[in-house]
Amino acid sequence: MSHNGNGRVPFVDLVALHREIQGELLDVFKTTLETAGFIGGPVVESFEREFAEYCGVDCCVGVGSGTDALRFALMAAGVGLGDIALTVPLTFVATTEAISQAGARPAFVDVDPRTCTMDPLELQRYLETQCELDSRTGQCFHRALRRPVTAIVPVHLYGQTADMDPILALAEHYNLTVIEDACQAHGAEYFSKKDNQWRKGGSMGHAAAFSFYPGKNLGACGEGGAVTTNDGEIAKKIRTLRDHGQSKKYYHDVEGYNGRLDSIQAGILSVKLCHLSEWNTKRRQAAQRYDQLFSSTPGVVTPALPEWSRAVYHLYVIRVHDRDGLQRHLSKANIETGIHYPVPLHLQKAYDGLGYRAGDFPVSEAVASEILSLPMYPQLQAAQQRRIVDEVNDFIVDGGVLGSPALLTRIE
Ligand SMILES: *Cc1c(COP(=O)(O)O)cnc(C)c1O
């Protein structure tokens with residue numbers, strides 16, 4: 001056994017990150033206190049312009065959270081009461097909460113076993129076998145549920161985009177709106193063969209949702225979110241929705257929400273956006289280091305990086321046979337880990353009513369039992385990573401816990 005000390009390794013280290021830029025952050029508070037412009041105003045508008053430019057889109061609308069961003073994007077794109085919106089079971093519950101809160105019904109297609117993002121072949125199978133196109137209206141209908149299918153919400157999980165070309169092609173053929181859940185993918189890129197260029201996550205669908213929850217690659221010091229889009233009409237509707245449906249003060253065109261991005265958070269996000277590329281580069285370097293360190297460990301599957309992907313590693317997720325045992329072992333060694341996510345959404349109690357059963361999405365279910373998220377943040381040190389990998393080796397190799405779970409063999 002070789003140990004580089006046994007100091008605690010946190011799962012994320014926001015303290016270290018904020019220490020690096022403390023002066024700039026304190027200036028934001030000070031300026032805001034001196035102008036007392038807490039809600040809306042020029043600070044929010046400049047962050048919106050900066051983030052739109054970063055993502056390569058025409059419009060960005062700051063909102064109160066990633067969940068707000070998803071809900072408003074769906075509503076503004078016309079997804080509504082009684083519609084079906086397709087997404088994946090392996091995501092954070094906010095994806096489906098937003099679909100339901102927009103009045104629609106979530107339905108699932110399974111993920112690709114290599115990337116853990118929406119499997120375009122499963123999407124195609126769903127549309128071909130369960131839906132039909134109304135030849136008169138061009139609308140896609142679910143045959144058994146007799147409801148219109150109107151949207152796809154691919155999730156750019158762990159900082160890697162979904163395989164968007166085939167998803168967008170299916171969406172076009174079936175007249176579906178695509179809302180990207182880019183809440184974990186600030187700065188991730190996808191090589192579109194169709195466009196013959198790299199595209200940023202959040203610039204490919206009709207609209208996309210970002211979260212600025214503190215632990216995300218770009219995080220506020222509180223709650224925040226944004227919608228990005230090239231569609232000026234969608235952006236305009238969201239500006240109304242986030243502010244009680246007002247077109248001007250106290251003139252309410254529709255019932256809306258209190259879903260604004262406040263100016264202290266916008267100022268903080270502007271400061272942090274200047275560092276995002278550098279932080280993402282450090283995450284990529286840390287991911288490469290993990291990949292190398294694990295290259296001689298049998299029984300550990302490291303994240304796949306398809307040739308079309310430049311991931312930003314919001315999370316570094318490995319797959320192993322005895323995941324729970326490994327997590328306990330690391331916890332005893334003072335190494336914090338996470339599971340994203342332990343229960344696929346179709347098996348959550350909250351979605352009993354949708355009528356799914358265990359076995360309906362075998363890849364998501366297998367993945368959920370094997371995944372473990374290791375510490376990952378720009379300030380993560382090489383020595384900390386070596387200690388983490390040493391501990392994983394101690395458990396797997398020395399402990400003889402190799403195993404050959406169904407999924408691990410299937411994705412060789
Ligand atoms: C974080 C996250 C959200 C929700 O964002 P909030 O800002 O917490 O509302 C939605 N989807 C995914 C995939 C996320 O990771």
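## Elements and backbone exceptions

Helices (H or I, at least four residues) and strands (E, at least two) are DSSP runs, numbered from the N terminus. In this predicted model, His244 lies in the loop between helix 8 (232-241) and strand 12 (246-248). His244 is not a glycine, yet has a positive phi of about 60°. Most residues other than glycine have a negative phi, and most peptide bonds are trans.

A second exception concerns the peptide bond from His340 to Tyr341, which is cis, with omega near 15°. Tyr341 is placed in the loop between helix 10 (323-332) and helix 11 (362-370). Tyr341 is also one of the residues nearest the centre of the largest pocket.

## Ligand surroundings

There are 16 residues around the ligand, and those that come nearest are Gly66, Thr67, Gln184, Ser211 and Lys216. Two of these five have a polar contact described here. For Gly66, a backbone N or O atom lies 2.8 Å from an oxygen atom of the ligand. For Ser211, a polar side-chain atom lies 2.6 Å from an oxygen atom of the ligand.

Asp181 approaches a nitrogen atom of the ligand instead, with a polar side-chain atom at 2.9 Å. Taken alone, the ligand exposes 380 Å², and the protein buries 92% of that area.

## Largest pocket

The largest pocket holds about 500 Å³ of space. Its lining is made up of 25 residues, and nearest its centre lie Phe92, Tyr213, Lys216, His314 and Tyr341. Helix 4 (66-76) and helix 5 (94-101) are the elements that give two or more residues to this lining. Helix 4 provides the largest share, three residues.

By class, the lining of the largest pocket has 11 nonpolar, 11 polar and three charged residues. Both domain 1 (16-270) and domain 2 (276-398) contribute to the lining of the largest pocket, with at least three residues from each. Lys216 is named both among the residues nearest the pocket centre and among those that come nearest the ligand.

## Largest cavity

Rolling a probe the size of a water molecule over the atoms shows where empty space is left. In this model the count comes to one cavity of 30 Å³ or more. The largest cavity has a volume of about 110 Å³. Its lining comprises 15 residues, of which Leu14, Leu17, Pro214, Lys216 and Arg283 are the closest to its centre. Lys216 thus recurs here, having been listed for the centre of the largest pocket as well.

Which helices each supply at least two residues of the lining of the largest cavity? They are helix 1 (14-20) and helix 9 (263-294). The largest share, three residues, comes from helix 9. The classes in the lining of the largest cavity are seven nonpolar, four polar and four charged residues. Domain 1 (16-270) and domain 2 (276-398) each give at least three residues to the lining of the largest cavity.

Definitions and conventions:
Residues are numbered from 1 along each chain as its sequence is written. This is a predicted model: local features need pLDDT of at least 70, side-chain atom pairs count only at pLDDT 80 or more; totals for chains, interfaces and linings use all residues. Side-chain values use heavy atoms; hydrogens and water are left out. On a 1 Å grid over the protein atoms alone, a cavity is a set of points where a 1.4 Å probe fits but cannot get out, and a pocket is an open set with protein on both sides within 12 Å along at least five of seven lines; lining residues have an atom within 4 Å of a point. Grid points are joined across faces, edges and corners, and a volume is the space filled by probe spheres set on the points. Ala, Val, Leu, Ile, Met, Phe, Trp, Tyr, Cys and Pro count as nonpolar, Asp, Glu, Lys and Arg as charged, and the others, Gly among them, as polar. Domain bounds come from an automatic or database domain assignment. A residue is near a molecule or strand if one of its heavy atoms lies within 4 Å of it. A polar contact is a pair of N or O atoms within 3.5 Å; within protein, one must be able to donate a hydrogen and the other to accept it, and residues adjacent in sequence count only if both atoms are side-chain atoms. Accessible areas come from the Shrake-Rupley method with a 1.4 Å probe; for residues, only the protein chains shown count as cover.
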